[in-house]
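The following note collects points on the model for a colleague's consideration. Please read it alongside the sequence and coordinates displayed here.

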Amino acid sequence: MTPPTTHRIDPYAELRHALVEHLRQRGIRDERVLAAMEKLPRELFVHPAFIHRAYEDVALPLGYNQTISQPYTVAFMTSLLEVQPGDKVLEIGTGSGYQAALLALMGARVYTVERQWELYQRARQLFVRLGLPIQTRFGDGSLGWAEHAPYDGIIVTAGAPHVPKPLMEQLAHGGRLVIPVGGTQSQVLLRLRRLSESEYETEEFGEFRFVPLIGREGWHGRADQGSSSS
Ligand code: SAM
């Protein structure tokens with residue numbers, strides 16, 4: 001008699017697949033983004049109280065007045081970044097860590113900065129648990145992370161009052177900066193491409209709603225006390 005084979009059933013696989021199909025129907029065309037989203041367990045990144053809604057196409061509360069971004073927004077912004085395997089990418093606003101993990105799954109070398117201590121700690125632990133080689137930093141990301149610059153891509157996942165100059169300066173030639181800019185209630189999503197030392201091309205991609213980027217080059221114009229990285 002053949003012994004029964006044991007399969008580990010992933011109870012979220014179908015929901016994850018349905019979400020990816022939904023994103024495709026909403027116009028996400030970048031197959032590398034969709035393939036990475038099909039692999040990444042969003043249920044591990046959402047707050048435990050919202051695990052049953054992990055695969056709805058909505059932003060969900062993370063606590064501390066912050067959110068994990070809507071999957072459509074994550075997919076759209078990631079497509080705009082035009083990430084290639086091996087690219088060095090800086091993310092401002094680690095939050096749950098989902099966006100950073102997605103970029104790592106796509107083969108990027110990821111650096112991410114968070115200003116909220118508990119979220120920073122939680123995301124760091126999750127990256128270790130998932131074996132993702134993501135470099136994390138606690139501090140004011142509106143100033144970027146100069147030590148590792150230049151970056152092929154920079155993605156800001158909080159709404160800024162203007163494009164922070166340090167982020168423009170930390171972009172490699174040919175690099176892309178994706179950032180929502182506007183008021184505290186709504187912003188326009190911008191992609192800046194660095195053409196040369198002093199020239200940037202700017203494109204606009206419609207209106208979005210993000211939590212505010214707080215910091216010296218963000219809202220309130222103040223930096224956080226101290227910083228640390230790993
Ligand atoms: N990318 C996140 C994810 O995948 O879950 C979602 C980010 S949430 C919409 C925005 C995050 O930006 C929050 O966690 C907030 O604390 C953080 N943030 C706001 N201002 C910041 C700053 N100056 N530096 C770093 N993080 C900042």
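1. A polar contact is a pair of N or O atoms within 3.5 Å; within protein, one must be able to donate a hydrogen and the other to accept it, and residues adjacent in sequence count only if both atoms are side-chain atoms. This is a predicted model, in which local features need pLDDT of at least 70 and side-chain atom pairs count only at pLDDT 80 or more, whereas totals for chains, interfaces and linings use all residues. Residues are numbered from 1 along each chain as its sequence is written, and side-chain values use heavy atoms, without hydrogens and water.

2. A backbone N or O atom of Arg115 lies 3.4 Å from a nitrogen atom of the ligand. Side-chain N or O atoms of Asp140 and Thr157 lie 2.9 Å and 3.1 Å, respectively, from a nitrogen atom of the ligand. Taken alone, the ligand exposes 600 Å², of which the protein buries 99% (Shrake-Rupley method, 1.4 Å probe).

3. Around the ligand there are 28 residues (a heavy atom within 4 Å); Glu91, Ser96, Glu114, Gly141 and Ile214 come nearest.

4. In helix α2 (residues 31–39; helices are DSSP runs of H or I, at least four residues, and strands runs of E, at least two, numbered from the N terminus), the buried residues are Val33, Leu34, Ala36 and Met37 (under 20% relative accessible area, 1.4 Å probe, protein chains only). They lie on the same side of α2, because they cover an arc of only 165 degrees around the axis (from directions between the helix axis and the C-beta atoms). These residues pack against α1 (13–25), α3 (71–81) and α4 (98–105).

5. Asp30 caps the N-terminal end of α2, with a side-chain oxygen 3.0 Å from the backbone nitrogen of Arg32.

6. Ser69, in the loop between β2 (66–68) and α3, counts as buried because its relative accessibility is 19%. Beyond neighbours within four places in sequence, Ser69 is in contact with Arg42, Val58, Ala59, Val74 and Phe210 (heavy atoms within 4.5 Å).

Definitions and conventions: Buried means under 20% relative accessible area, exposed over 50%, partly exposed in between (1.4 Å probe, protein chains only).
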